[in-house]
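Reader: I should like to learn how one decides whether cysteines in a model are bonded to each other. Could you please take me through a case?

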Amino acid sequence: MRTVKELSDLTGISVRTLHYYDQIGLLTPTAKSEAGYRLYDDKALETLQQILFFREFDLPLKKIKAIMDDPALDQKQILQMQRDMLVAQKTRTERLIASIDDILKGENKMDFAIFNRAEIEEMFDNMYSQMPEHIRRIAIDEFGGAEKWRAHYIEMLSSEQMQKAYAKVIEWYGGKEAYQDAAKHPMSKEAVESYKRRTDTILRKLAAKRSCPIDSFEVKEIVGEYGFVMKQAAGIKKERDFMLAHADFYRKEPLQSRLDQEYGEGCAAFFADAIETFYQKSE
């Protein structure tokens, strides 16, 4: 058994940090001495090692605890997960080093890759598993098989154009990890329907204010509510660019016609103008 001080000296983790890990239930002592001091055995040391591996990837403590507490994951599976993360990081680092080497040699090549191949494959697998069966069958039939569909998806997302587009999406979510977490844990069908009803109500209120000046309080109040709901629904940190992107979509077909048909002629352009006015003037 090791005391918390001995564990601190061995690992370089401060005593205060170890106390905090105990407080949040991330690393509890194996036992306590008669004097009340925390004691840790070799198994606790192995657990701390796994925690430190995850911390190397800047994972939040809350997420690390969720992984460590998952009854479906044993120690080998957790280590495999960490190895996969290291391999993905190694691949990304090697690509960046190669890009720098090219620039040093005078070959000015830029690396726009946001997601590496392993991450893109994982994104497809997540999408595939979460997709309704009838939609999945349509896509499989269209591409002539699941593997051909997968290959097309990977090729498309690996393109420089798509990687640049995802860079903006990641900004909305406040980081790559946050986006990946949202993709892995989509909202329930009930939650999606609830947000649809809320946004529909908001857009109908906004449509009813078409006679008001675009920068009036009545219009801005509704757009502010719309942005708040969309931020909640998408799980993003900052909604400004996200909403401005939506405004751009509202001016394009087929969405423009669909919105005009649903909420009244000219509403799509009005929605876009109101959003742009609100967010461009909010800074």
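Author: In this predicted model, one begins with the distance between sulfur atoms. The sulfur of cysteine 212 lies 13 Å from the closest cysteine sulfur, which belongs to cysteine 267, and this is too far for a bond. The cut-off for a disulfide is 2.5 Å. Cysteine 267 likewise takes part in no disulfide, for its nearest cysteine sulfur, in cysteine 212, is 13 Å away.

Reader: How many disulfides does the rule give?

Author: The count comes to 0 disulfides.

Reader: Is cysteine 267 buried or exposed?

Author: One reads this from the relative accessible area, and a residue under 20% is called buried. Cysteine 267 has a relative accessible area of 0%, so this residue is buried.

Reader: Where in the chain is confidence lowest, and where is it highest?

Author: Here one consults the pLDDT. The chain has an average of 82, and 92% of the residues score at least 70. Confidence is lowest in helix α5, residues 75-104, with a mean of 73. It is highest in helix α15, residues 267-280, at 93.

Reader: What is the order of the strands in the open sheet?

Author: To read a sheet, one follows which strands pair. The 3 strands of this open sheet are arranged β1-β3-β2, and the pairing is antiparallel. At the edges are β1 (2-3) and β2 (31-32), each of which pairs on one side only.

Reader: Which residue in β3 is the bridge partner of alanine 31?

Author: The partner is leucine 39. Strand β3 covers residues 38-40, and 2 bridges join it to β2 in an antiparallel manner.

Key. Residues numbered from 1 in each chain as written. Predicted model: local features only at pLDDT ≥ 70, side-chain atom pairs only at ≥ 80, totals over all residues. Heavy atoms only, no water. Buried < 20%, exposed > 50% of the residue type's maximum accessible area, 1.4 Å probe, protein only. pLDDT = per-residue confidence, 0-100. Helix = DSSP H or I, 4+ residues; strand = E, 2+ residues; numbered from the N terminus. Pairing = 2+ DSSP bridges.
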